[in-house]
Amino acid sequence: MFPLRTLLLLALLVTGMTATAEVQTLIREYTYNASETDSKVSARKAALQQLQVLLIEEVGIQVQSTFSNTETLDKEAFSRTVQANYQTFAQALTRTRIIEERWDGEHFYIKAEVEVDPDGISQQMISLQQPPATDPCLAGREQAQKLLNLTPSPDKNTALIELAASAPIDSDCHDWQYSVLSNLSRSRYPAPGYRAWVFQQLQDGKPHELARLLPAAMALALRESELSKEEWQQSLSSLQRMEPDRVQPVLRVLSDATIAPARNEQVFRQPIGTLEQQWQQLLTQATAGSIATPALSRAQLAAQLISTGQYRQPELAAALFRREADHLEEVDTLVKPLLSIWRGQQEPYQLDSVTGQAFRVLLQQLSQAAQPLSANNRRELYFLLPALQRTQTAAAQQALDSLLTDFPTLFAAIIAAQPVNEVEKNLWFIRYNLPDSPACRPVDCAQQLFSDDPQPAQQASQYLLAYGERASPAADSILRKLERVKIEQSSTVRTQIKRNLIQLLPQLQPADARAIPLLVGFLNDFDHEIPDHAAAALIALHKTAVVPMATLFGQQPTLVQRRMLKAFAGMPADDRLARFLKSVKPADQHMQFALEDALAVHQKSL
């Protein structure tokens with residue numbers, strides 16, 4: 001509350017000034033930082049409102065500065081007062097003209113010329129301090145509350161309908177009407193005539209009131225049956241008068257009324273075909289400029305339908321996107337909805353599904369877009385990649401390979417922009433051969449294997465393993481590093497280097513003759529799992545490994561011989577191995593068992 005002396009002086013100022021302060025025309029600009037839930041429409045509205053608030057504060061402080069010998073609100077206190085009473089103070093803004101506006105997906109910049117009436121601000125400051133008069137709306141609220149507290153019954157509904165018919169529906173004096181509407185919407189008893197009366201209220205409803213009344217009226221009707229032709233025409237007429245950022249709740253009601261009802265829920269659900277027809281009629285109306293004031297374009301309405309339908313009607317929303325994609329503006333605003341649709345299906349990540357095809361069309365549009373993606377959307381698409389990688393299904397792995405293969409430039413830019421671990425980023429570029437890779441080339445990576453610092457060497461081994469067959473030009477350096485690391489003191493990093501390079505050897509073309517003796521030697525390694533990785537590599541190299549391994553067999557200790565026999569057992573049937581195994585004399589019972597297993601595989605080839 002203002003101090004009493006301020007109140008008195010304000011009253012004197014308003015009633016006793018000899019000349020009225022002139023309307024001021026001011027030009028100001030403001031940049032609004034959008035949240036993740038903001039659309040272009042909501043960000044624009046917030047930016048304009050904040051610009052207007054700042055102007056009201058600026059002129060209000062000037063008004064207070066004309067006071068003398070009295071207390072006034074400081075800037076912070078006055079700012080809080082304006083923020084809390086924005087709708088009241090906004091009446092002092094007589095005209096607003098947008099000069100310039102820009103939207104990049106994260107920030108909405110607006111520059112506007114606004115006419116401000118200082119006298120209007122003074123009057124609003126006074127009105128906020130005057131003691132409230134007796135509330136003329138209190139009787140209606142009390143009567144409504146009394147009826148709403150009654151036990152549900154036909155008589156209660158009759159009384160509520162009679163009370164509702166006594167006053168118009170609005171959010172001010174008759175805000176209790178919405179409680180009545182909600183109660184009758186949920187009632188299991190009939191409400192004769194009420195549905196028709198509610199739709200009649202739409203005809204004279206003000207735009208800001210329709211934003212609340214129209215969705216409620218449609219929800220009331222759709223619990224019983226489809227909208228009649230008259231009700232649908234009344235709805236379309238109301239939509240034409242609504243503000244563009246208030247349309248989406250109406251679309252949501254239509255979408256929700258089409259989903260399957262919950263168990264034991266005795267409500268009507270309209271067929272999916274009806275919703276498709278409604279969507280098409282809405283798009284036709286938008287094409288004619290008859291949805292919202294100022295009118296939403298067809299592209300803007302289609303984007304709202306897709307965003308609204310992502311949870312309840314995902315396939316319908318995906319199909320709509322595919323039909324309208326070539327005409328949509330700023331398709332990057334649909335990244336989250338379409339990603340949610342594709343990811344949220346009963347069998348997610350199917351690229352050949354309706355939702356998967358829509359997602360591919362989105363990526364094609366983004367690849368061709370002149371404007372870069374917003375940081376939020378780049379982040380959403382980047383985190384899709386590790387999610388697909390972690391999902392152990394054939395569909396997810398196929399989707400990952402397809403997306404990075406078919407849209408390499410788009411995903412290269414997305415990955416490059418992420419503030420993630422450098423190794424992780426480089427591995428994406430290497431595995432999928434993405435353009436403009438920041439990672440070292442195979443030959444350069446191989447040179448890093450010999451770094452005195454083991455960490456770069458370990459990273460280089462990861463890169464080379466990711467290169468796979470493309471690392472073949474560096475085969476000599478890779479083998480030399482394995483020869484050295486084999487005799488170096490064991491450590492976690494060196495174990496990782498050995499593991500990576502051993503797994504890489506079968507992919508090098510052609511396999512070097514030095515690889516087989518090295519791998520046989522690693523069968524006797526003390527580092528965890530290295531013998532298993534060496535055995536797996538020998539099995540993968542079986543075409544070239546059989547003869548060298550047979551030659552080396554007699555020179556190995558019993559433990560290595562036993563592991564070599566297990567490796568032989570994992571190889572495809574080979575008559576050369578069968579003949580060799582028949583000549584082996586086991587040194588102990590463990591070796592005897594391993595020999596029997598290997599013979600069981602390879603005797604089939606004889």
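Two strands are taken to pair if DSSP finds at least two bridges between them, and with that in hand the tour of this predicted model can begin at its sheet.

**The sheet**

Select residues 24-33, which form β1, and residues 93-103, which form β2, and then add residues 107-116, which form β3. Together these belong to an open sheet of 3 strands, ordered β1-β3-β2 and paired in the antiparallel sense. Because β1 and β2 each have a single partner strand, they stand at the edges, and one side of each is left without a neighbour in the sheet. If you look along the sheet, the twist from one strand to the next averages 20 degrees.

Stay first with β1 and β3, which run antiparallel and are joined by 10 bridges. Show Thr 25 here, and you will find Glu 115 of β3 standing opposite. Then move to the other pairing, where β2 and β3 are linked, again antiparallel, over 9 bridges; the residue to pick is Ile 98, whose bridge partner in β3 is Ala 112. As you follow the side chains along a strand, keep in mind that in a regular strand they alternate between the two faces of the sheet.

The turn of this hairpin deserves a separate selection, since β2 and β3 have 3 residues between them, and Gly 105 takes a positive phi near 95 degrees there.

**Two helix pairs**

Next, select residues 176-186 (α8) and 194-204 (α9), which pack at an angle of about 140 degrees with their axes 12 Å apart. Angles over 145 degrees would count as roughly antiparallel, so α8 and α9 are described as oblique to each other. The crossing in which α8 passes α9 is left-handed.

Now compare residues 248-256 (α12) with residues 298-312 (α14), where the packing angle is about 40 degrees and the axes lie 9 Å apart. Angles under 35 degrees would count as roughly parallel, and α12 and α14 are therefore oblique to each other. Here α12 passes α14 in a right-handed crossing.

**The loop before α14**

From α14, step back into the loop that separates it from α13 (272-287), where Pro 294 is found. The peptide bond that joins Thr 293 and Pro 294 is cis, with omega at about -5 degrees. Ala 292 also has its place in the loop between α13 and α14, and although Ala 292 is not a glycine, its phi is positive, at about 80 degrees.

**The second largest pocket**

Finish at the second largest pocket, which holds about 480 Å³ of space. To centre the view, select Ala 369, Ala 370, Gln 371, Pro 372 and Leu 373, which are the closest to the pocket's centre of the 19 residues that line it. Then display α17 (354-368) and α20 (408-416), each of which supplies at least two residues of this lining; the largest share, 4 residues, comes from α20. Coloured by class, the lining of this pocket shows 10 nonpolar, 5 polar and 4 charged residues.

Technical notes. Residues numbered from 1 in each chain as written. Predicted model: local features only at pLDDT ≥ 70, side-chain atom pairs only at ≥ 80, totals over all residues. Heavy atoms only, no water. Axes fitted to C-alpha atoms, helices over the stretch in contact; angles between N-to-C directions. 1 Å grid on protein atoms, 1.4 Å probe; cavity = no way out; pocket = protein on both sides within 12 Å on 5 of 7 lines; lining within 4 Å. Points joined across faces, edges and corners; volume = space filled by probe spheres on them. Nonpolar A, V, L, I, M, F, W, Y, C, P; charged D, E, K, R; others polar. Parallel < 35°, antiparallel > 145°, perpendicular 65-115°, else oblique. Left-handed = near helix turned anticlockwise from the far one by under 90°.
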